[in-house]
Each structure stands twice: as C-alpha cells, then as structure tokens.
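Work through the exercises below with the sequence and the model open. Each task is followed by a solution in steps.

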Amino acid sequence: MLQRPALTIVCAALCGAFPLAALAQFPAARLGAVSPTGIQAGQAVELVLAGSDLDDVQTLRFSHPGITARQKLAEPNGFDKTPLPLDGVFEVQAAANVPPGAYEVRAEGKYGVSNPRWFFVGAIAEHQETEPNNQADAANTIALPAAVSGSSQAAADVDYYAVEAAAGQRIVINCLSRRIDSRMDLVVVVLDPQGRVLANSRDEVQGDPLIDFTAPRADRYLVKVYDTVYEGGPDYFYRLVIGSQPHIDYVFPPASLPGNGQFTIYGRNLPGGQNAGVSLDGAALQKLNVTVPIPAAPQLNVDSGIDAAAGSVDGTTWRLASPQGLSNAVLLSTARAKVVLETEPNNNDQQSQKLTLPCEAAGQFYPQRDRDWYEFEAKEGEQFSLEVISQRLGVKSNPALLLMQVVPPGEDEKEPTLKILQQSENSGDSEGGNEVATLNEDPQLQFTAPADGTYRVLVYDLRASLRDDPRLVYRLLVRQAQPDFRLTAAAEFSYAAVNLRPGDQTAVRVAAFRSDGFDGEIRVTAAGLPPGVTASEAVIGPGKTAAAIILKAAPNAAPGTSSLKVTGTAKVGAANVVREARLATPKWSQPYVANNQPQMQLESRLTPTLAVSVLKDTPAPMTAFEAGAAAPYETSRGGILKIPYTRSGPFTGKILQAEVVDLPPNVTSVRADITAAKGEIELKVLAAAVPGTYTLYLDGLAEKVDHSRNPEAAAAAALRQKEVDGFHTAALAEAKAAADAKTVADKGVVDGKTAVTQATTAQVAAAAKKTAADTALATATAAVAPAKAAVTAKPEDAAAKTALAAAEKAVVDAATAAKAAADGLTAADKALLDAQTALTAAEKVQAEADALAIAMKEKADAATLLKAETDKQKTALDAAAKPTPVNVPVVSSSFVLTITESPITLTPLAAATVTQGEKIEIPVTFARKYGYTAAVTVTQVTSPAVPGLSIPNLSIGPNQTQGKLALSTTTATPEGPHTLLLRLAMSFNGQNVQIEEPLTITIKKAPPKP
C-alpha cells in the first residue's frame, strides 16, 4: 500500500525510484498554521493562514457556529475601484457567548477543505508575538493573565517575553505545541533580570513543556522560548497560557461508570484545592474532588488533541473552570465494570489485592519501582480478558502484564507455586495505515482458565526503575470475555480531508480495535456524503484490523462539502452490534512513499469531523478504475482467482506498482505495473488462509500524468496583468505630464525672478532719478528768492530781471522734470509689484506642479511595483499551469473476496450403528467447487483411538464425488456412542487443504454366542 502523502515536494531519496516524473499529488488544501491561535470571547482578531494549495480560500469553517470569519480587504491602492480581498487573511469574530475551549478551523477554497487546526476561545487577554523579540532587551511585555501566540518562522529563532510577578506569586505556563499540531519541539525557560535560569521545561505534558514557577520576589521576569534543535518554519508555532489558571496533572481514578463520576484531580492552582501530599519535580500538588458526567459506552467526546491510539477508549475530555481561566484538558474514560482502587501494599505476590469480578482496578505505577499484584478466582473453562489502559490515556507509561496460575502444593510441597501462563507488553500491530497512528504499548491478553483456582496478575511499568511519577495511572480490566470492537476512520491521500475531483475516487481507511478475542467480520458503511459522491461498503474480515471504503465522485458531481459518518456493524454472539467510527487526522503532512519503500506512520489525533469535498476543478485523469465486479469473488483455501480490472479516461499511461491492498493473511498477489486498459491480477489463497469475507482494492501510481495547476488562476492573472499594465501606462503618462508641467512651472519661476530683478533695477534707477529731480527742483526753487530780491532791490536792472526770469523758468523746468521722475518712479514701483505678483503666482504654480509631480511619481512607482508583483505572480502561475508530468496515487473500486474452507461441499456424515465385531460402509458424498477435480483422501484422526475400531484410508478419485468408508469393529470395541474425527485432504493448486468432519458411531453389544 502506498505511503499517504501531503506535500507536492518529494525528498531526494524518492526521486531515484521515479526518475522520469515527480512523485506528487494533485493540489489539495493544507493548513499549516493559523496566527494567532486563539481569541478572547466577544472580541475580533485578524487571522493569518499559512499552508499550501490555499488558492481562492474565501471560507473558514469553525467547529462552533459562534465563531465567524470574513476575508479581509486590502487598503485602497489608488488603482482598483473597489478593495481587493487579501489572500489568507481573515477578520474573525467570537461571540461573547462562545464557551471557552478548543475548536477546530478548516480552510475551504478551490482545492477543497483543508485539514483542521486548533483555535482557542478564552476569557483572558490574547497577545501575539511581535518581532523583533530575539534578545532579552527586546522582550514583548505581557500583562498577566494572558495567552500568547508565537512562532519560530526561521531557524535559530528565539523569542523573549517579559512578565511582572509579585513576590510569592505562583505562575503556571501551559505551553502548547505538539498538542496543537505544531512541529515545534518546544523548550521554555524562565530567567530573572540578571539572566539566571529559575525554571525550564521541555517534554513534560504529551511532548510539551510545563512551567510551575513561584516568584522569589516582586520583579520583572523573562520567558524564553525556542525549538530544541532551533528548527523553524510556517508550521513551527506555539501557544503559551501564562497566569494563575489551574493545571491538572492527573486524575484518579482515571475512569468511572457512566453517570456522575467521582474523581480526584491533582494539579496546581486548583480553586479550593487541598495539599495533596504529592510533588512533581519539587512542585507541591493540590487535590480537588469533582463530579463529572461520564457518557455511556461506546461514546467518546473529543475537544482537544487526543492521540488516535485512544480511539479504542470510551469517555470524554474535560477541563476545570475557574475565575482565573480554564485548565488544560484531560481524558476521563468510561469504565466497563465497577472501579476498584488499588490498595497498597500489593508489591509482591503474597500481598496480592483480591478482586471480585467483574471489575477494573485503578492504580498507579508509583512510587519508583512499583509493582502491583492482583488475584482473582476462576472456574475451569471460563474465558477471561485482561487489559491495561494507560498509554491511551495520554500517560507516558510502558505497561506490562504477567498472568500466573496459583498451583496448589503437591504431596511433597508445603507452599503453592506460581505458573506463568501469559505475558503481554503491547497491544500488537495495527493495519490502520500511516495516516492513523493507532499503535500503543498498552497490553492485553485473553486466556481460558485451565482449572478451578486462584490466578494472579502482575502489572508493572517497564521503565519503573527510572522514574518516580504519580501521573503514571492505569486501568486494569479483568472480566469474562465480552467480545466487542471500536473503529477509527481517516482519509487516505488527501491529508486529513477527502478532496475529490469530478470522476475521482479515493479511500477512507477504517481501523478496527478488536477486544476480548472478537475476530468476526465487520461491515463498514459511510454516510453524510455530498451530492454526486457514493461510497462502497467494506468488510474487515477475520484476522484483519482494517479495510478501506472507496469514495467516488460522479463525473458531473457539483462542488460541495459535507461531514462524513462511518459506521461498522458486526455479529457479536447473538447480538447485532453497531459502532460509529471515531475520526482521526494526521497532525502533519509528509511526502509520498512508494510501495517498495519503507513505510512511516504519522503522528495523528482524533478529530470531531472528517470533511468530504468535491472540488471545482478539472476532472480526474482516470474517470474509472474498476477492479473486480459487483458480485463477491469466492474460492477456498488453495484457490487461485483472476481479478479483472479496467480503466478509462484521458490518462492512458502506466500505473506503477499496482497491488492489491488489504489482502488477508496467507493470500498473495504480485505487484506489477498496469499498462493496458484492461487486464487481470492473480490472487493465490494459501492453505493457511483464514476463511471469511474481505474487501480489497488496487492502488498504484499513475505515471507521468500531465497536470496543469490552476489554469483559471493563470488566465485571471493574465487579465489582471493587462489591467495593471493599463494602470502602469496611465500612471507613467500622468507622471510625465506632471513632470512636464513642473518644467514649465520651474521656467515660469525663473522668468518671474528675472522680471523681478529687472523691475527692481529699474525701480532703483527711477528712484534715483526722482531724487535728483527733486534735488534740482529744490535748488531751482531756492534760486528764485535771491533773484526776486535782486529785482526788488533794483527794479530797473534788466540783468536782474533776466536772471529772475531764468530762475523762474528753471523752477518750471525742474518741476516738470521732477514730475516726470515721480511718474517714472510710480511706473517702476508698479512694474516691480506686478513682477513680484507674477513671481508669487509662478511659485504657487511651481509648488502645485512639484506636489503633483511627486504624487504622480509615487503613483507611477506604486504602479511599477504593482506591475512587477503582478508580472511575477503571472509568471509563477503560468509556470504552475504549464502541463507537468507527475506520478499520482490512484485507487480502484473495491471488490469482495470470500474464502471458504475447501473446494468441496461435504454432505454431513450420517450417524451409524454397528454391532461389535461387524463391518459397515459409511457413504461419503460431496460437491466439487471452484474447478477442483483432483482426488480427495479421507483419513480417521480420532484421538485417542477407539480400541478395536478401524477405518482404512479412503481415496476418492479425480472428478468423483462419492466414496464409501469401510468401518470394522471387534468384539473388544467398547459399547456406546463414539465421536470419530475424519480428515479430508485435497491438493488444490499445489496447496494441501484439509477439513475435518465428525462422525458419530454407536457400538452395540454383540449378542452372546450360541
């Protein structure tokens, strides 16, 4: 079976296996992270998505209707008439009545619905990391209590936060990384202002750190966060909850019968909590008794990151509410019988705690090197199931079981002895696929009591000598066998969601947790499908723990999304048992691994929903890949079947490494490339195969499928490029016009300044001329008086009169000249004022032209940048849209295989009566099936043999369907009924197939001899 991928980039090691084309898959929405990771109830936040294939994501789906989102619009850019939506950015609102807790969010776009990511709603303030905060002096200051969302976006990233704490204040830092699907291996350190380490933590709670810190004094403390190997990237994110909120370390007992369960929680900052007398790493724990409603089996309510391995456990996740906020989530499980608490001392077999069945014991692998002994009474032939549930509760334990029989002392013995019957250290393998990590180390075993008496059970942790941890709790279930099953389902290929193109088909893998020896067939069906999508029925046959439901979208299926429901039905004893599958999701994506490569299993967790989406995309390259027929294929052990396959659609290339998936044990098939439109795959059923019904299908890699990624986006990008080119051309023209206008305005100012200079010079000259004229007028005027005086003195003096006339004329001339000079100055002043006014106007025009030129230059620069970004995006989209050969995983339709015991149907042997010493013939009749024609040999294998009774071997020849067994007795053959066991052996396709049939013979006493 193919390794299920989630990335379109493949590691170099795989490229050697497929050198001609990339090993990839068609785009499918994948959500790597959301930032921030939470919101305060009643508030809004800007949420940023990170991931791949998130094209055209316009919808976010939250698991609570009170959390809503709308895509954020970009700020106006001066070009587009309306704001454009921002890719991957949403405005999220949490209603005030949304209960605090963890919810899931998925992104939905062109490439379907994404995998989920956790998103928290709380009552305390939310803070988001602000870079740069890589140094202590750049720490983000956080007011407590608070939840902090951060990330390690690049290698070697370190984040610092600063908090104020009062002297003696107990602060808990609940650090979430692995528990919220992050790849970050988080380390958290608390430092004092001098940089001294006061507390640090790494893997404390399910892979995440936990800090319990009491401030030695009122001060400012630093919280340092980083990845343990300084890795970074979009899916390296974390969430810190810092404050005096409660934290639950463990719950005891870990299970309760359905109803109002009584529990004692142990932890820190428990409201009303009492000193528990227990500490962890030097931190004293409190305890608090609580009552919690526990659902009846087979329910499992999940609202936090519970590992997929817990899919076999019933119960509910629960948090303690307090005025300081919610606690972390814990899993409270549903008990299957009365819960009995472990009573110390029970550390050796002589101190074994007596159990009255049915019950389950709740205990702890504590203190260090603890070993717990229990004992119970059983009757011969009673069938029991023993199971430890610990690791599946999220406990870092490695439990083991040892079952022993107390053997009474013999004649020469004084004390009873212990006989080891069984030992178990894990729950075995799982076929859940690499998408569902169902493996765990919780042991279980089934046994049949060999005799009446006492049996002892030793429960211990394989690492008990290395740790002293009260959190290592366990449930020991001891009960008479109650066969049952649980199911977990996960999507194959699509990474946590089922995304189908029209005409496409894919698989949903369903893993079965079988309990108490149940090995019957489980019929699995799916419901809740979008219109146009159908699902096959699958059968998980005997000896198998998984099968696949094949989902197929019709070629005309319309886009749509729904939530898948998977149900299993089985006959358990006389009851028809129905179980709804728990749903699982891988935490991260991974590259494909081909059928000939080592398989890996992803970390996975349970999820409330599994989305099924029909994409609005190009049809699948193969619109039909059919294997087998609607009717079941039937053969017996030793049989060989030819399973036909056909395929159609535009893709006609090779399907590499095609193989039959979910083959039952001892059924073989050869992996081969499919090159034709139709053909056959051979199944060989070995003699050791387990009879039953099984659902199988083919998978492989379609080689070099030409795929164009989002050609619609490339076409839209071309239109956008044309539009932006128009913006750019217009902006450049506007910038040039503005620059030209600026040049004209600049010249106007220069000309204005020249005019002012010239006018100023003329005005100065006019002023000087006026001054001279005024002076001349004054001088001329002053000369008139002496001239008049001279005439007065000598009235008859002609010379005096002439001089006076000349003086008076000089005054007139000077006055005329002065007036002309004054007029010239007035004109020069006006010319200067006009030049200055014109210059002011020119400078205003210049300022406006400068501003416009700058604005147009900025607009042109923005248009140039927008054009560069648009051109770059178009280039990238054109490259992606270019048909590229990729190797894509494909699955066929499913078909049903029924394996029977043998290639004959034997008529039941009739009981017979024979008298001692006589002979009879027993007819053996059968019908041949599956083309079997060879001989059938009948042999008596009764043990112990009946004295005096013999049946020679019978060989029924080829193509014969009946024969007679010759049975003879002696007078010593015991009277009464005897059940003989006959073995019929056949060589079917070279396989030695055998069946056994009982024959009842009654021996009558021979009459006395006369």
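The exercises cover two open sheets, a buried strand, an annotated domain and two pockets.

This is a predicted model, in which local features need pLDDT of at least 70, side-chain atom pairs count only at pLDDT 80 or more, and totals for chains, interfaces and linings use all residues. Residues are numbered from 1 along each chain as its sequence is written, and side-chain values use heavy atoms, with hydrogens and water left out.

**Exercise 1.** Determine the order and the edges of the open sheet that contains strands 2, 4, 7 and 6.

Solution. Strands here are DSSP runs of E with at least two residues, helices are runs of H or I with at least four, and both are numbered from the N terminus. Two strands pair if DSSP finds at least two bridges between them. On this basis the order is 2-4-7-6, with antiparallel pairing. Strand 2 (30-35) and strand 6 (67-73) each have a single partner strand, so one side of each has no neighbour in the sheet. Neighbouring strands are turned by 35° against each other on average, direction ignored; the axes behind such angles are lines fitted to C-alpha atoms, for helices over the stretch in contact, and angles run from 0 to 180 degrees between N-to-C directions. Strand 6 is joined to strand 7 by six bridges, and arginine 70 faces glutamate 91 in strand 7.

**Exercise 2.** Do the same for the sheet with strands 52, 54, 58 and 56.

Solution. This open sheet is antiparallel and has the order 52-54-58-56. At its edges are strand 52 (624-627) and strand 56 (667-669), each pairing on one side only. The twist from one strand to the next averages 25°. Between strand 52 and strand 54 (residues 640-648) there are four bridges, and the two run antiparallel. Alanine 627 has tyrosine 645 in strand 54 as its bridge partner.

**Exercise 3.** Describe the surroundings of strand 23 (residues 259-268).

Solution. Start with burial: seven of the 10 residues of strand 23 are buried, where buried means under 20% relative accessible area, exposed over 50% and partly exposed in between, with a 1.4 Å probe and protein chains only. Next take the partners. Strand 21 (residues 247-252) runs antiparallel to strand 23 and is joined to it by five bridges; valine 251 is paired with isoleucine 265. Strand 25 (residues 283-294) is also antiparallel to strand 23, over nine bridges, and its valine 290 stands opposite phenylalanine 263.

**Exercise 4.** Which residues does the UniProt domain annotation cover, and what is their secondary structure?

Solution. The unreviewed UniProt entry places "domain: Peptidase C-terminal archaeal/bacterial" at residues 157-226. UniProt positions follow the numbering used here, feature names are shortened, and annotations may be inferred rather than shown by experiment. Residues 157-226 are 0% helix and 56% strand, with end C-alpha atoms 7 Å apart.

**Exercise 5.** Which elements supply the linings of the largest pocket and the second largest pocket?

Solution. For the largest pocket, strand 4 (44-52), strand 7 (85-94), helix 2 (711-793), helix 3 (798-881) and strand 60 (884-900) each supply at least two residues. Helix 3 has the largest share, seven residues. For the second largest pocket, the elements with at least two lining residues include strand 8 (101-109), strand 20 (237-243) and strand 28 (330-334). Strand 21 gives the most, five residues.
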